[in-house]
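Hi,

Here is the structure I said I would pass on to you. Have a look at it first, and then read on for my notes.

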Amino acid sequence: MGEQQQVKFPQGVIDEYAALGVDLPALFSAGHLGTRMGVQILEASAERVVGTMPVEGNTQPYGLLHGGASAVLAETLGSVGSMLHGGSTKIAVGVDLNCTHHRGARSGLVTGVATPVHRGRSTATYEIVITDEADKRVCTARLTCLLRDVKPGEAEQTAG
């Protein structure tokens, strides 16, 4: 579904994960589901995560962008922000996702922008605004992730 783009990360974050032997772009990719849906993460930091997803291939029977596809984009972007906030000693696990669908999209790309609402020690909450190519809001989502400590051996599994 198009050419994979390199995600832009702050250099300090890249260095932190590289010291652990972790391939940061691979770790914070869209994952298998996101890849199947054509999700591309364009920019990533704890302050802002931006990604796109094609409407084509992600529609419901009426030809509109499927609400579940918007949820996948929202959870992907919010999870990346939460993991970057938590740092290399934490794993972000989604515990609540809320999506309000404002309008349909039939073609083109939708763009999601995740920004923090709350960044604490044990949880992080992000608002994700998804817009169409005309910059009209398609969906507003909110994701809360639990930030739990990395268990011994988990970092090696993640890096491999």
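Below is what I found, going from the whole chain down to single residues.

First, a caveat: this is a predicted model, so please read everything below as computed from it.

**The chain as a whole**

There are 5 helices and 6 strands in the chain. If you walk along the sequence, they come in the order α-α-α-β-β-α-β-β-β-β-α. The chain has 160 residues, and 42% of them count as buried. Its accessible surface is about 8,500 Å², with 51% of that belonging to carbon and sulfur atoms. As for contacts with a separation of 6 or more, 63% are between residues 24 or more positions apart.

**Strands around E6**

Strand E6 covers residues 137–149 and pairs with E3 through 11 bridges, the two running antiparallel. One position to click on here is Asn98, which sits opposite Arg142 in E6. E6 is also joined to strand E5 (residues 123–131), by 9 bridges and again antiparallel. In that pairing, Val129 faces Thr140 of E6. E5 and E6 make a hairpin with 5 residues between them. If you check backbone torsions, look at Asp135 in that turn: its phi is positive, at about 65°.

**A nonpolar patch on the surface**

Val93, Val95 and Leu146 together form a nonpolar surface patch with about 230 Å² of accessible area. Val93 belongs to strand E3, which spans residues 90–101. Why does Val93 count as partly exposed? Its relative accessible area is 34%, and the partly exposed class runs between the 20% limit for buried and the 50% limit for exposed.

**Two buried residues and their contacts**

Val55 is in the loop between strand E2 (49–54) and helix H4 (67–86). Although it is a loop residue, Val55 has 0% relative accessibility and so counts as buried. What does Val55 touch, leaving out residues up to four places away in sequence? The list is Leu65, Ala105, Arg106, Ser107, Gly108 and Val110. Take Val110 from that list: Val55 and Val110 are 55 residues apart along the chain, yet their C-alpha atoms are separated by 6.8 Å.

Ser82 is in helix H4. Ser82 is buried as well, because its relative accessibility is 0%. Apart from neighbours within four places in sequence, Ser82 is in contact with Ala92, Ala124, Tyr126, Cys145 and Leu147. From that list, Cys145 is itself buried, with a relative accessibility of 0%.

**Cysteines**

How many disulfides does the model have? The count is 0. Cys139 is the one I looked into: the closest cysteine sulfur to its own is in Cys99, at 4.5 Å. A disulfide needs the two sulfur atoms within 2.5 Å, so this pair is too far apart for a bond. Cys139 is also buried, with a relative accessible area of 0%.

If you open the model with just a few things in mind, I would start with the E5 and E6 hairpin, then the patch of Val93, Val95 and Leu146, and then the Cys139 and Cys99 pair.

Cheers

Definitions and conventions
Residues are numbered from 1 along each chain as its sequence is written. This is a predicted model: local features need pLDDT of at least 70, side-chain atom pairs count only at pLDDT 80 or more; totals for chains, interfaces and linings use all residues. Side-chain values use heavy atoms; hydrogens and water are left out. Patches are made of residues with over 30% relative accessible area and no salt bridge: like charges are joined within 9 Å, nonpolar side chains (Val, Leu, Ile, Met, Phe, Trp, Tyr) within 5 Å. Accessible areas come from the Shrake-Rupley method with a 1.4 Å probe; for residues, only the protein chains shown count as cover. A salt bridge is a side-chain nitrogen of Lys or Arg within 4 Å of a carboxyl oxygen of Asp or Glu. Helices (H or I, at least four residues) and strands (E, at least two) are DSSP runs, numbered from the N terminus. Buried means under 20% relative accessible area, exposed over 50%, partly exposed in between (1.4 Å probe, protein chains only). Contact means heavy atoms within 4.5 Å. Two strands pair if DSSP finds at least two bridges between them.
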